[in-house]
Amino acid sequence: MSHHKFLTSAAIILLPASPAFAQSGQQTETGDDFHNDDAIVVTAPYVDRIDILAGTSVLTGDQLTQDLRGQIGDSLTKLPGVSSTSFAPGSSRPVLRGFQGPRVRVLTDGIGSLDASNTSVDHAVSIDPLTAQSIEVLRGPAVLLFGGDAIGGAVNVIDKRIPRDVPDEAFHLDAVGGYGSAANDWSLGGSLDVPLTESLVFHINGSYRNTDDLDIPGFVLAPELRSEVLAQAAEETEEGNLDEAAELTETANQRGTVFNTASETINASTGLAYITEGGNIGFSVSYYDTDYGVPSRPGAEHAHEDGDDDGDEEEEEGPVTIGLEQFRADLRAGVNLGDGFFESLNLRAGYSDYEHTEFEGDEVGTVFEVEGIEARAELVQNERNGWRGVIGTQLLVRDFNAIGAEAFVPKNSIESWALFTVQEIDLGNFEVEAAARFDHVDVESSIVDFDRSFDSFSGALGFAYAPDDNGLRLGVNLSRSERAPSAEELLSDGPHIATQAFEIGNPNFTTEKSWGGELYARWNSEDIQLSATVYANFFDDYIFETETGEEEDGLPVFQFFQEDATYYGFEASASFVVARAGGFTFVTDGVADYVRAKIKDGGGPVPRIPPLRLLGGISAQSDSLDLRAELEWSDSQNRVSTFETPTDSFTMVNASAAWRPLGKDGGVTLLASANNIFDVKARRHASFTKDFVPLAGRDIRISAKFSF
């Protein structure tokens, strides 16, 4: 990124905040309720509570600690409407309502991860959930706060890199450590806050995780793929190629372990914040480093020609691994504007210098470089007679470069800016909510002589009705979303060794448009919490990637297309207190979600759509001890696109315990869990690699959490 472009971008977003720095919105307490939608709020620096978020979930407290995995996608799969790409243990993004990739924004404190994770499913998210304070899953029309492209929703990781308050004590220490048996997974993380003055606080945190190859039950390959590989082995035997046949047979019979899935991750950051009653300003710098393996797709091992004219000699590659490194700087500030029309002016900005290298054995294959800045400013309105809202602007500048023989996306740059607003009017039993957003996006690549601009408008309107004070709430949201095609959807054209695919985009794509609606009902009382949402999206010019059945450069071709499409589905969660006895509260709860998506005019199902999923459990909770047993059932998925394979159903049984030896507020929690107790075979249909990267087998996990 040129210094001129960076300084210009920073100046545009910083100008509104120049008068003074003051109190930004405070982080709202989210509590430890796992499925309590009614209690969910939006954290600073946004409006403190927006009811338009009809399907919001939060993961925090002991539940967050128990569900922590190396990648954020695999940490959230028990929440309603959430699945995961599960490409490999070292790379997994969230899937929301069947949407993934650019339709799901992954944020840290409201700012994008500024990495290459939305470029391809094999690229890890550079956000470490090990030091997260909470993780919010935001769905519904109010995600227009974060981007018109976030049709599926947004995942917002809240951490303490920039402190939000000054500790009362001389220092505040948080630490968490754990072990998981399925991948010999060791992890340790901690953070320290030290008040330097009454208004100035220093923060430092770090984490380390190391895993071996993943243990699984049964064969690595799914039955259909295993049969194909065994058939290839038989053909090689008939042709007298015994070495090749033996190698294929060994691949087909591999069981118990998914090789080349080990990982190692280091994360460190430090921050400083000045906080007074009038306001705050804070900044942080951080470093993220991870190395992880990428399992090979059988039958798609790409080899390189040695450069001879006849092209007959080929050099066989080694296992693919990825080394990822990111340096990042963040800023958060706010101005208290008093009792006028606006209550506060809030600012959030982040800068990232990112690089990851795809290795083929010991050789460097392709290097991906991303440098970017994202910033946003919001004017939060004072509440007046039930009317409140926020008006804001957002800026993104990103330079992307891929260097190597298999750079499937050419060097390109993206510049975008946006204006947005969310407004809410409380009319007693009725509430009316509205959101609007305008985005302007420029995509440029001089290498392929490409330069296009896209203007898009998105809006939403919601109505909610609460008949009395018994906790019932009914609502409807209508939305119109539009997003510009990503650089990868426009410009991909080449082999990608990590996904073992030849990927092809289309530079003539137009913006993707969607009309959406959802109906929701919530009921919250002392002992009962219920939430249900049904939704539908109708797309014009929907962009999707699918296998074509062709081969290019020895790899299967995956091409982006643009057609009309429809999505519809539901999410539901429930929690009931069934008894209180012996100091324990006994609670039963459940989650259900389903999505169905198809391409219009005979195009068939949309690829990689999660099937129906049910999860239920029963818990015994007290101040010092929590016990829980749960069962998760995932239906088979037989509605598949051309060249996509079906996925079998599975049922997992899990159990967990949390012990607080010093009591509820003692600051010490010891946790143990047994996941997939009966060691069942399971594959996630949303995964690009599901046929050769199954989910973990029996996984015994222990962890400890300290807060002083």
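This passage describes the overall make-up of a predicted model, followed by one sheet, one buried residue and one surface patch.

The chain consists of 708 residues, of which 57% are buried. Its secondary structure comprises six helices and 36 strands. Among the contacts in the chain with a separation of 6 or more, 67% are made by residues 24 or more positions apart. The area exposed by the chain is about 28000 Å², and 55% of this area is supplied by carbon and sulfur atoms.

One of the structural elements examined is an open sheet formed by five strands, arranged in the order β1-β6-β7-β4-β5 with mixed pairing. The edges of this sheet are occupied by β1 (57-60) and β5 (111-112); each has a single partner strand, so one side of each is left without a neighbour in the sheet. In general, the strands of a sheet pair through backbone hydrogen bonds, in either a parallel or an antiparallel sense. Within the present sheet, the parallel sense is found between strand β4 (residues 104-108) and strand β7 (residues 153-158), which are joined over five bridges. At the level of individual residues, Val106 has Val155 of β7 as its bridge partner.

The surroundings of Gln326 were examined next. Gln326 belongs to strand β17, which spans residues 320-336. With a relative accessible area of 3%, Gln326 falls under the 20% limit and is therefore classed as buried. Its side chain takes part in a polar contact with the side chain of Ser126, at 3.0 Å. In addition, a polar atom of the Gln326 side chain lies 3.2 Å from the backbone oxygen of Leu114. When residues up to four places away in sequence are not counted, Gln326 touches Ser113, Leu114, Asp115 and Ser126, together with Ser286, Tyr287 and Tyr288, and also Ser352, Asp353 and Tyr354. Both Leu114 and Ser126 thus appear among the residues that Gln326 touches.

At the surface, a nonpolar patch of about 670 Å² is made by Phe171, Leu173, Trp659, Leu662, Leu670, Phe706 and Phe708. One of these residues, Phe708, is placed in the segment after β36 (699-707). Phe708 has a relative accessible area of 45%. This value lies between the limits of 20% and 50%, and Phe708 is therefore described as partly exposed. Gln326, by contrast, is buried, whereas Phe708 is partly exposed and contributes to the nonpolar patch.

Note on methods: Residues are numbered from 1 along each chain as its sequence is written. This is a predicted model: local features need pLDDT of at least 70, side-chain atom pairs count only at pLDDT 80 or more; totals for chains, interfaces and linings use all residues. Side-chain values use heavy atoms; hydrogens and water are left out. Helices (H or I, at least four residues) and strands (E, at least two) are DSSP runs, numbered from the N terminus. Buried means under 20% relative accessible area, exposed over 50%, partly exposed in between (1.4 Å probe, protein chains only). Contact means heavy atoms within 4.5 Å. Accessible areas come from the Shrake-Rupley method with a 1.4 Å probe; for residues, only the protein chains shown count as cover. Patches are made of residues with over 30% relative accessible area and no salt bridge: like charges are joined within 9 Å, nonpolar side chains (Val, Leu, Ile, Met, Phe, Trp, Tyr) within 5 Å. A salt bridge is a side-chain nitrogen of Lys or Arg within 4 Å of a carboxyl oxygen of Asp or Glu. Two strands pair if DSSP finds at least two bridges between them. A polar contact is a pair of N or O atoms within 3.5 Å; within protein, one must be able to donate a hydrogen and the other to accept it, and residues adjacent in sequence count only if both atoms are side-chain atoms.
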